[in-house]
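Q: Please take one part of this protein and look at it closely, residue by residue, and then follow its contacts outward into the rest of the fold. I would like one connected account that I can read beside the model.

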Amino acid sequence: MKSSVRLLFAMAAVMVLFPSGLGVEMPSSALLAQDVCGRRYVAGGDHIPKGHEVEEDERYPNHLLDDHLKKFGWCLYDIAENETTSQEYINAETQQLSQTWNMRPDLITLTIGGENDQIIKLITECFDNIKDHDFAEASACASGVLGNTTLWTQLTNNLTTILQQYRIILAGRPKLVVAVTGYPNPFPKALVAAPEIGELCTPLIDTIITCTVRWVQLPPALELLDQAIKKLNTTIQNAVKPFTLAQPTAGRFFYVDIYTKTRDHCMKMDVKMKTKVEHPELEGTVHDHDNLTDVSFGCSDPWYVEGEDGTKTRFYLFPSIPPTVLLEESQTTKGMGVHPNDKGHKCISELIWEYDTPEPGVTPLKWKLSIPEAANSNICQGS
């Protein structure tokens, strides 16, 4: 028996001294660093914290870590996954909520709800309608989301469940702070897009009227999309509010407005249209009409990753004056996208860090975390 014990001790000593020689796989330096890190930051949610279509170091959780937290001994656990709904956050196989428990966090950021059933249409189906110039359909799509009270009730209930669980975690971790973010609106502003309609349609000459009839439907569609995204943010903010006010969680939960500071940095939306018409009354004369340059309906400094060009043609550009005949038409819509780029993520991280709010006496996140940085009002400049 004694010899067996001595053998076990000897084997243990050899493994400590010569782990690679015995073929033992040791933890990576990154894992070792995380195991001994001073404080833990857990980022959860959907495609926004996951950083869909951007590099890992461009995600807002990584900006928070690299720009501010790492030098004070923090580690990041980004457990967010694309297409996660608020219900899946609670009980899916990925079990983000249970993972958050197990990671013993000192800071939690959560962005959830935008990919919930039906709500996700705002950045999928409704988005495609805008890119395809199906503006009436886009309005119907946005209205369907906005007016569906069941969607907002379900989101409120799920958020309440998640935040109640956070409150229990918080009871055992007295320095834990929870930041819940809203969502940006990637679409152009209706009032900015409206004046561009004349610039787009006038050069088409023979199809000015039918072009204008179609494109005057764009501003109402953009307005409805804006209202729906505001509804999403209001629902999230109202779910967080009780936790920001009630003891013992007051001051340790807060809602971060992502919408306001990013609104002037919407997606790019450059449109070019071409037509070829025949004039039988002019002995079959054929005219080509197009926009000499792209007409911009989006923002000049977009903070969204550009998607594929829209080229769908629905033949709505019928000649205004018969017997003119439309021979060809085409359109290209460039640059539209709904996922924040590096600048967008950088802004989100700054908004969380500074907790940019007009409310007097509000403490920035960094001070809640006892990090001695001076207040910075010069944020979200896109640099």
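A: Lys-366 sits in helix H16, which covers residues 365-368, and the description that follows is of a predicted model. Although lysine counts as a charged residue, Lys-366 has a relative accessible area of 0%, and because buried means under 20% on this scale, it is classed as buried. Leaving aside residues up to four places away in sequence, Lys-366 touches Trp-353 and Glu-354 on one side of the sequence, and Ile-371, Glu-373, Ala-374, Ala-375 and Asn-376 on the other. The pair Lys-366 and Trp-353 is separated by 13 residues in sequence, while their C-alpha atoms lie 5.9 Å apart in space.

Trp-353 leads from here to another contact, for it is one of the residues through which helix H15 meets helix H4. Helix H4 spans residues 60-69 and helix H15 spans residues 342-354; the two pack with their axes 8 Å apart and at an angle of about 60°. That angle is why H4 is described as oblique to H15, and the crossing in which H4 passes H15 is right-handed. On the H4 side the contact is formed by Tyr-60, His-63, Leu-64, Asp-67, His-68 and Leu-69, and on the H15 side, besides Trp-353, by Asp-342, His-345, Lys-346, Ile-348, Ser-349 and Ile-352. Sorted by class, the residues of this contact comprise 6 nonpolar, 4 polar and 3 charged.

How many residues of H4 are buried? The count is 8 of its 10, and the helix is accordingly described as mostly covered. The buried residues are Tyr-60, Pro-61, Asn-62, His-63, Leu-64, Leu-65, His-68 and Leu-69. Asp-67, by comparison, belongs to the contact with H15 but does not appear among the buried residues of H4. The cover of H4 also extends beyond H15: its buried residues pack against strand E1 (39-45), helix H3 (47-50), strand E2, strand E3 and strand E4 (177-181) as well as H15.

Two of those strands, E2 and E3, lead to loops that deserve a separate look. Glu-83 lies in the loop that joins strand E2 (74-78) to helix H5 (86-91), and it has a positive phi of about 70° although it is not a glycine. Most residues other than glycine have a negative phi. The side of the picture that concerns solvent is clear for Glu-83 too: with a relative accessible area of 58%, it is exposed. Arg-104, in the loop between helix H6 (96-102) and E3, likewise is a residue other than glycine with a positive phi, here about 50°. Its relative accessible area of 42% places Arg-104 among the partly exposed residues.

Helix H6, which precedes the loop of Arg-104, contains Thr-100. At 1% relative accessibility, Thr-100 counts as buried, whereas Arg-104 is partly exposed. The contacts of Thr-100, with residues up to four places away in sequence left out, are with Val-42, Ile-79, Tyr-89, Pro-105, Ile-108, Tyr-166 and Ile-169.

On the other side of E3 (107-111), the loop that runs to helix H7 (125-131) holds Thr-124. Thr-124 counts as partly exposed at 32% relative accessibility. Its C-alpha lies 8.8 Å from that of Val-338, even though 214 residues separate the two in sequence.

A second helix pair offers a useful comparison with H4 and H15. Helix H8 (residues 135-146) and helix H13 (residues 218-245) pack with axes 8 Å apart and an angle of about 20°, and they are therefore roughly parallel to each other. H8 passes H13 in a left-handed crossing. Phe-135, Ala-138, Ser-139, Ala-142, Ser-143 and Leu-146 of H8 meet Leu-218, Pro-220, Ala-221, Leu-224, Leu-225, Gln-227, Ala-228 and Lys-231 of H13; by class, this contact has 10 nonpolar, 3 polar and 1 charged residues.

These parts belong to a protein with 16 helices and 9 strands, in which buried residues make up 48% of the 383 residues. Of the contacts with a separation of 6 or more, 78% join residues 24 or more positions apart. The protein exposes about 18300 Å², of which carbon and sulfur atoms supply 55%.

Definitions and conventions:
Residues are numbered from 1 along each chain as its sequence is written. This is a predicted model: local features need pLDDT of at least 70, side-chain atom pairs count only at pLDDT 80 or more; totals for chains, interfaces and linings use all residues. Side-chain values use heavy atoms; hydrogens and water are left out. Axes are lines fitted to C-alpha atoms, for helices over the stretch in contact, and angles run from 0 to 180 degrees between N-to-C directions. Helices (H or I, at least four residues) and strands (E, at least two) are DSSP runs, numbered from the N terminus. Angles under 35 degrees count as roughly parallel, over 145 as roughly antiparallel, 65 to 115 as roughly perpendicular and the rest as oblique. A crossing is left-handed if the near helix is turned anticlockwise from the far one by less than a right angle, and right-handed if clockwise. Contact means heavy atoms within 4.5 Å. Buried means under 20% relative accessible area, exposed over 50%, partly exposed in between (1.4 Å probe, protein chains only). Accessible areas come from the Shrake-Rupley method with a 1.4 Å probe; for residues, only the protein chains shown count as cover.
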